[in-house]
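Please look through the sequence and the structure below before reading on. The paragraphs after them start at the ligand and then turn to individual residues.

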Amino acid sequence: MKSLVDILETTNSLDGDQLAALLTTRDIDVVDYLHRRARTVAQMHYGTGIYVRGLIELTNICRNDCLYCGIRRSNTHVERYSLTVDQVMACCEHGYRLGFRTFVLQGGEWGDERAAWIADIVAEMRHRWPDCAITLSLGEHSREVYALWRDSGADRYLLRHETHNAAHYAQLHPAEMSRGHRLQCLRWLQELGYQVGTGIMVGSPWQTVDHLVEDLQFIASFRPAMVGLGPFIAQHDTPLGGHPNGTIDMTTRLYSIVRLMLPGALIPSTTALATLAPEGRLQGILAGANVVMPNLSPGEIRAQYALYDGKAHSGSEAAEGLRQLEAQLATIGYHIDWSRGDCRF
Ligand code: 5AD
């Protein structure tokens, strides 16, 4: 079994059965070896520096109704908000002083009538912080809207495909959404010159090992600059609120496999992983992740951006907790790398 890890490291690929074997093996020595090789490869590309991205949760207003998500439009228990331009700029100002050189504007999906408003925000950020990377994570839009935002100064775009399997996609999303359109959006973003991030929820309801293999094969062929993988965590006001959460074990195996498939990729150790266990963040890094995304949103709105139950938004998860994050990283021999952190392939 360990030889599968070696083949994956030297060829950056495995066939479906071999991937399934690594995802399901109960041999903890093999899993440990997988993680060790993945973190060695991450260190070959990025050393022991971990990039940080300042996450700004722009709005929890969303036109979509994804069955797993706490800010889905039919959840009436959420108090909806949208930050003002001044609030966004204040977040960036604060973040820049803390040392951040990447800002991520994340939010629910709005209709294109707000596209110009977003473009103005991006242009203002580009003007005021020319040395910073601007990442958007705002869902599915037309090619024209993505082009407008790119022209306004956005560099990167995060849009998880959630699951590559069409039938599974249909189980997790309402009928008006489709996997085909999600993939179309990802192709547009890549054509427009964004550094694109995609990824999935790990352990989402009805997910099988075959689905995960399909996701890995898609990731290998699409070659995203960033791969965001976090465990599914039930949100009690959603239709999937009764399903079990994903696991740290499966999530970190996927970090390691993705690291060995795409050695130079940017892989965040996600907030959802940190939500499952206090040590989750570090376990992700020890499995080959090299990015963390502390929350820069104004304190008073964070609880309203509840994609899932118990979402971590304070301590080392928050921008104010940077010293704590630095101290945690030091315990495993890592440190924060304050540079923009562009992809190395
Ligand atoms: N558990 C974990 N991740 C979730 N997301 C949305 N809802 C949940 C949930 N219940 C993730 C999706 C989305 C990202 C912004 O948050 O993968 O792409």
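What follows describes the ligand and its surroundings, and then three residues in loops.

The model is predicted. Its ligand sits in the largest cavity. Which residues surround the ligand? Going along the chain, they are Tyr-68 and Cys-69, then Arg-160 and Glu-162, then Met-201, then Pro-231, Phe-232 and Ile-233, and finally Leu-307 and Tyr-308. Sorted by class, this shell holds eight nonpolar and two charged residues, with no polar ones. Arg-160 and Glu-162 belong to the class counted as charged.

Polar atoms of the protein come close to the ligand at several places, among them Tyr-68, Ile-233 and Glu-162. At Tyr-68, a polar backbone atom is 3.0 Å from a nitrogen atom of the ligand. At Ile-233, a backbone N or O atom lies 2.7 Å from a ligand nitrogen. Tyr-68 and Ile-233 both count as nonpolar by class, yet the atoms described here belong to the backbone in Tyr-68 and in Ile-233. Glu-162 takes part through its side chain, where an N or O atom is 2.5 Å from an oxygen atom of the ligand. On its own the ligand has 410 Å² of accessible area, and the protein covers 86% of this.

Glu-162 deserves a second look. This residue is found in the loop that runs between β5 (156-158) and α7 (166-172). Is Glu-162 buried or exposed? Glu-162 counts as buried because its relative accessibility is 10%, and the limit for buried is under 20%. The backbone of Glu-162 has a positive phi of about 70°, although the residue is not a glycine. Most residues other than glycine have a negative phi.

A positive phi also occurs at Trp-206, which is not a glycine either and has a value near 70°. Trp-206 is placed in the loop between β6 (195-202) and α9 (209-222). With a relative accessible area of 42%, Trp-206 is partly exposed, since that term covers values between 20% and 50%.

The last residue is Cys-66, in the loop between β2 (54-59) and α4 (85-98). Its relative accessible area is 10%, so Cys-66 is buried. Which residue, 174 positions away along the chain, has its C-alpha atom 9.7 Å from that of Cys-66? The residue is Leu-240.

Conventions. Residues numbered from 1 in each chain as written. Predicted model: local features only at pLDDT ≥ 70, side-chain atom pairs only at ≥ 80, totals over all residues. Heavy atoms only, no water. Near = heavy atom within 4 Å. Polar contact = N/O pair within 3.5 Å; in protein donor to acceptor, adjacent residues only side chain to side chain. Areas by Shrake-Rupley, 256 points an atom, 1.4 Å probe, with all protein chains shown as cover. 1 Å grid on protein atoms, 1.4 Å probe; cavity = no way out; pocket = protein on both sides within 12 Å on 5 of 7 lines; lining within 4 Å. Sits in = over half its atoms within 2 Å of the grid points. Helix = DSSP H or I, 4+ residues; strand = E, 2+ residues; numbered from the N terminus. Buried < 20%, exposed > 50% of the residue type's maximum accessible area, 1.4 Å probe, protein only.
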